[in-house]
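Open the model in your viewer and keep the sequence panel beside it. The stops below say what to select and what to look for at each one.

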Amino acid sequence: MGQFTFTETEIEGVFIIEPRVFGDERGYFMETYNKADFKKAGIDCEFVQDNQSKSSKGVLRGLHFQIQYPQAKLVRVTKGEVYDVAVDLREGSPTYGKYVGAVLTAEKKNQFFIPRGFAHGFLVLSDEAEFVYKCDEFYHPEDEGGIRWDDLYVGIDWPEIDVEISLSEKDMQYIGLTNETFELVSR
Ligand SMILES: Cc1cn([C@H]2C[C@H](O)[C@@H](COP(=O)(O)OP(=O)(O)O[C@H]3O[C@H](C)C(=O)[C@H](O)[C@H]3O)O2)c(=O)[nH]c1=O
């Protein structure tokens with residue numbers, strides 16, 4: 001019996017993943033990644049870097065991508081709840097510019113797999129959220145690009161929250177998804 005349930009979203013290659021949780025009187029155990037199970041599901045990555053970030057309610061990190069060194073990401077929440085978004089920027093993709101969003105919670109222990117060629121970001125819905133993720137390419141700060149969280153072309157339907165959305169200086173300056181972005185990404 002596999003340790004995970006994989007559900008491919010409406011965008012090819014993007015998966016929601018639910019782990020098998022073994023609960024007992026001590027608490028619970030679950031595998032959070034298993035190369036063999038993921039490979040069987042069509043997710044065959046060599047992850048090279050793990051990241052973790054903590055953010056308070058209303059923080060929106062994104063929408064980021066790397067250009068020459070695109071990263072596939074396996075993301076989950078270990079505390080709280082976020083709305084996670086992947087925007088398809090793959091050259092020639094029939095869903096170019098389309099997005100898929102998922103609510104990830106520590107409670108549900110669900111994960112989101114985002115292939116290379118996507119912009120990625122999330123909005124924190126709980127008072128605090130700890131976000132952990134695996135990347136299959138290293139961080140290259142000089143190679144970073146981004147699109148505005150509220151880009152009209154992508155038109156992400158972010159959940160309503162009762163606090164102001166807060167962005168980093170860097171994220172505030174991103175432009176919308178334009179031909180320029182496309183050229184940038186598809187180089
Ligand atoms: C991403 C990254 C950052 N850093 C350093 C660079 C900065 O001094 C500091 C904060 O970086 P940044 O503001 O880019 O962090 P986030 O806004 O969480 O960026 C991430 O946000 C979205 C959700 C992503 O999917 C990407 O992994 C990444 O772009 O950490 C590193 O040293 N290594 C790294 O891999």
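Begin by selecting I16 and F112: I16 stands opposite F112 in β10. Keep in mind throughout that this is a predicted model.

**Stop 1: strand β10**

Extend the selection to residues 111-114, which make up β10. Are the two faces of this strand covered or open? Both are covered: Q111 and F113 are buried on one side, and F112 and I114 are buried on the other.

Now show the strands that pair with β10. Strand β2, residues 15-19, pairs with β10 in the antiparallel sense over three bridges. Strand β7, residues 73-79, also pairs with β10 in the antiparallel sense, over four bridges. To find a point on the β7 pairing, select K73, which stands opposite I114 in β10.

**Stop 2: the sheet around β10**

Colour the six strands of this open sheet in the order β1-β2-β10-β7-β12-β5; their pairing is antiparallel. Which strands form the edges? They are β1 (4-8) and β5, and each of them pairs on one side only. Neighbouring strands of this sheet are turned by 25 degrees against each other on average, direction ignored.

At the β1 edge, five bridges join β1 to β2, and the two strands run antiparallel. Select F6 to see a facing pair there: F6 stands opposite I17 in β2.

**Stop 3: the second sheet**

Next, colour β9-β8-β11-β6-β13, which is the order of five strands in another open sheet with antiparallel pairing. β9 (99-105) and β13 (144-146) stand at the edges; each has a single partner strand, so one side of each is left without a neighbour in the sheet. On average, and with direction ignored, neighbouring strands here are turned by 25 degrees against each other.

Zoom in on β6 and β13, which run antiparallel and are joined by three bridges. Select Q66 and then E144, its bridge partner in β13.

**Stop 4: two annotated residues**

Select H64 and Y133. An unreviewed UniProt entry places the feature "active site" at these two positions. They are spread over 70 residues of sequence but cluster in space, with a largest C-alpha distance of 14.1 Å.

H64 lies in strand β6. Is H64 buried or partly exposed? With 17 other C-beta atoms within 10 Å, H64 is partly exposed. Leaving aside neighbours within four places in sequence, H64 is in contact with A119, H120, G121, E144 and G146.

Y133 is found in strand β12, residues 128-135. Y133 has 23 other C-beta atoms within 10 Å and is buried. Not counting residues up to four places away in sequence, Y133 touches N51, K73, L74 and V75.

**Stop 5: the ligand**

Finally, show the ligand and select the residues around it: N51, S53, R61, G62, H64, K73, H120, G121, F122, Y139 and S168. H64 and K73, from earlier stops, are among them.

Which strands each supply at least two residues of this shell? They are β5 (49-56), β6 (60-66) and β11 (118-124). Colour the shell by residue class to see how it divides: two residues are nonpolar, seven polar and two charged.

Technical notes:
Residues numbered from 1 in each chain as written. Predicted model: local features only at pLDDT ≥ 70, side-chain atom pairs only at ≥ 80, totals over all residues. Near = placed C-beta within 6 Å. Nonpolar A, V, L, I, M, F, W, Y, C, P; charged D, E, K, R; others polar. Pairing = 2+ DSSP bridges. Axes fitted to C-alpha atoms, helices over the stretch in contact; angles between N-to-C directions. Buried ≥ 20, exposed ≤ 12 C-beta atoms within 10 Å, placed from the backbone. UniProt positions renumbered as here; feature names shortened; annotations may be inferred. Contact = placed C-beta atoms within 7 Å.
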